[in-house]
Amino acid sequence: MAKENNIYYYNGSSDDVLQRLLDAAELFEMDYFVGMTADNPLFSVHHANLIINEIKSKNEIDYIYTSEMPVGVNIYAIKTKALKTVCSIKEEIDTEIWGYLINRPEIFNVVEIKADNEYRFENCRMTLDEIDDYNFFKEIYSMYPINKVIDVLDVFKILRKNPELLDLNKNVIQRDLDNKIKIRISKFYEENKVKILKLKEQIYSV
């Protein structure tokens, strides 16, 4: 379908998400990229624009992300050279959950944008992992015309009027890394900090 419509695309590793992102970013010669994944269709466009403006004004940023919003609404951007640094040193192959590898303030210039109160909504899940998540999105999108670009703040209004929709996927457990893996990653960065910083300097100098 993408090919038929002259849409550029890249197929990479099915397990190593970070390597796939790096390969795509380098293929299209990007200095930075903003992550907008298909399983988070209600990401905050407003915050995507905030992130882009931050990068334009402070190009020393390596990793920038939003917080305090529901799962699936937050968004991020990564400098390609920062990602190349991570992929050059990481020991993890399965990087579907990769935040612990790049959100390392001891190595990278990390910026967090905390959402204002209007963008916060407790006990709300807006990402697509399980069938219950699909049912949640199906109900939300049934309330809008096809091809309508939905503002997440409007969805919040719907959920406040129809709180029973939140029950559709409230029992889905958000995936996370095992604590042993988190500890292993932190230990790796601690023990190899000097080496990683040196490699980062080399990659950034090119």
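This report describes the strands, aromatic pairs, pockets and cavity of a predicted model.

## Strands and their pairing

Strand 2 and strand 4 run parallel to each other and are paired over five bridges; within this pairing, Tyr65 has Glu112 of strand 4 as its bridge partner. Strand 3 is joined to strand 2 by three bridges, in the antiparallel sense, and strand 3 is likewise antiparallel to strand 1, to which four bridges join it. Ala77 of strand 3 takes part in both of these descriptions, since Val34 stands opposite Ala77, and Ile64 also stands opposite Ala77.

The side chains of strand 4, which covers residues 110-114, alternate between two faces: Val111 and Ile113 point to one face and are buried, whereas Val110, Glu112 and Lys114 point to the other face and are not buried. Strand 3, covering residues 76-79, presents another picture, in which Tyr76 and Ile78 point one way and Ala77 and Lys79 the other way, with all of these residues buried.

## Aromatic pairs

The count of aromatic pairs in the model comes to six. One of them is formed by Tyr63 and Trp98, whose rings lie 6.2 Å apart from centre to centre with 75° between the planes, an edge-to-face arrangement. Because Tyr63 belongs to strand 2 and Trp98 to the loop between helix 3 and helix 4, this pair ties together parts that are 35 residues apart in sequence. Tyr63 has a relative accessibility of 7% and therefore counts as buried, and Trp98, at 12% relative accessibility, counts as buried too.

A further pair, that of Phe121 and Phe156, is tilted, with 5.1 Å from centre to centre and 40° between the planes. Phe121 sits in the loop between strand 4 and helix 5 (131-141), while Phe156 sits in helix 6 (residues 152-161), and the pair thus links distant parts of the chain, 35 residues apart. Both Phe121 and Phe156 are buried.

Tyr63 and Trp98 also belong to one aromatic cluster, together with Tyr65 and Tyr76. Two members of that cluster, Tyr76 and Trp98, appear again among the residues that lie nearest the centre of the largest pocket.

## Pockets and cavity

The following table sets out the volume and the classes of lining residues for each space.

| Space | Volume | Nonpolar lining residues | Polar lining residues | Charged lining residues |
|---|---|---|---|---|
| Largest pocket | about 1600 Å³ | 23 residues | eleven residues | eight residues |
| Second largest pocket | about 240 Å³ | four residues | one residue | six residues |
| Largest cavity | about 60 Å³ | four residues | no residues | four residues |

The largest pocket is lined by 42 residues, and those that lie nearest its centre are Thr37, Asn40, Tyr76, Glu96 and Trp98. Helix 1 (17-27), strand 1 (32-35), strand 2 (63-67) and helix 4 (99-102) each supply at least two residues of this lining, and helix 1 gives the most, with five residues.

The second largest pocket is lined by Glu26, Glu29, Met30, Asp31, Tyr32, Lys79, Thr80, Lys81, Lys84, Ile203 and Val206. Helix 3, which covers residues 80-89, provides the largest share of this lining, namely three residues. Lys79, one of the lining residues, is also one of the buried residues of strand 3.

The structure holds one cavity of 30 Å³ or more. Lys90, Glu91, Glu92, Leu101, Arg184, Ile185, Phe188 and Tyr189 line the largest cavity, and helix 7 (residues 179-191) gives the most to this lining, with four residues.

## Cysteines

A search of the whole structure finds zero disulfides. Cys87 has a relative accessible area of 14%, and because buried means under 20%, this residue is buried. By the same cut-off of under 20%, Cys124 counts as buried at 8% relative accessibility.

Note on methods
Residues numbered from 1 in each chain as written. Predicted model: local features only at pLDDT ≥ 70, side-chain atom pairs only at ≥ 80, totals over all residues. Heavy atoms only, no water. 1 Å grid on protein atoms, 1.4 Å probe; cavity = no way out; pocket = protein on both sides within 12 Å on 5 of 7 lines; lining within 4 Å. Points joined across faces, edges and corners; volume = space filled by probe spheres on them. Nonpolar A, V, L, I, M, F, W, Y, C, P; charged D, E, K, R; others polar. Disulfide = S-S within 2.5 Å. Buried < 20%, exposed > 50% of the residue type's maximum accessible area, 1.4 Å probe, protein only. Pairing = 2+ DSSP bridges. Phe/Tyr/Trp six-rings, centres within 6.5 Å; stacked < 30°, edge-to-face > 60°.
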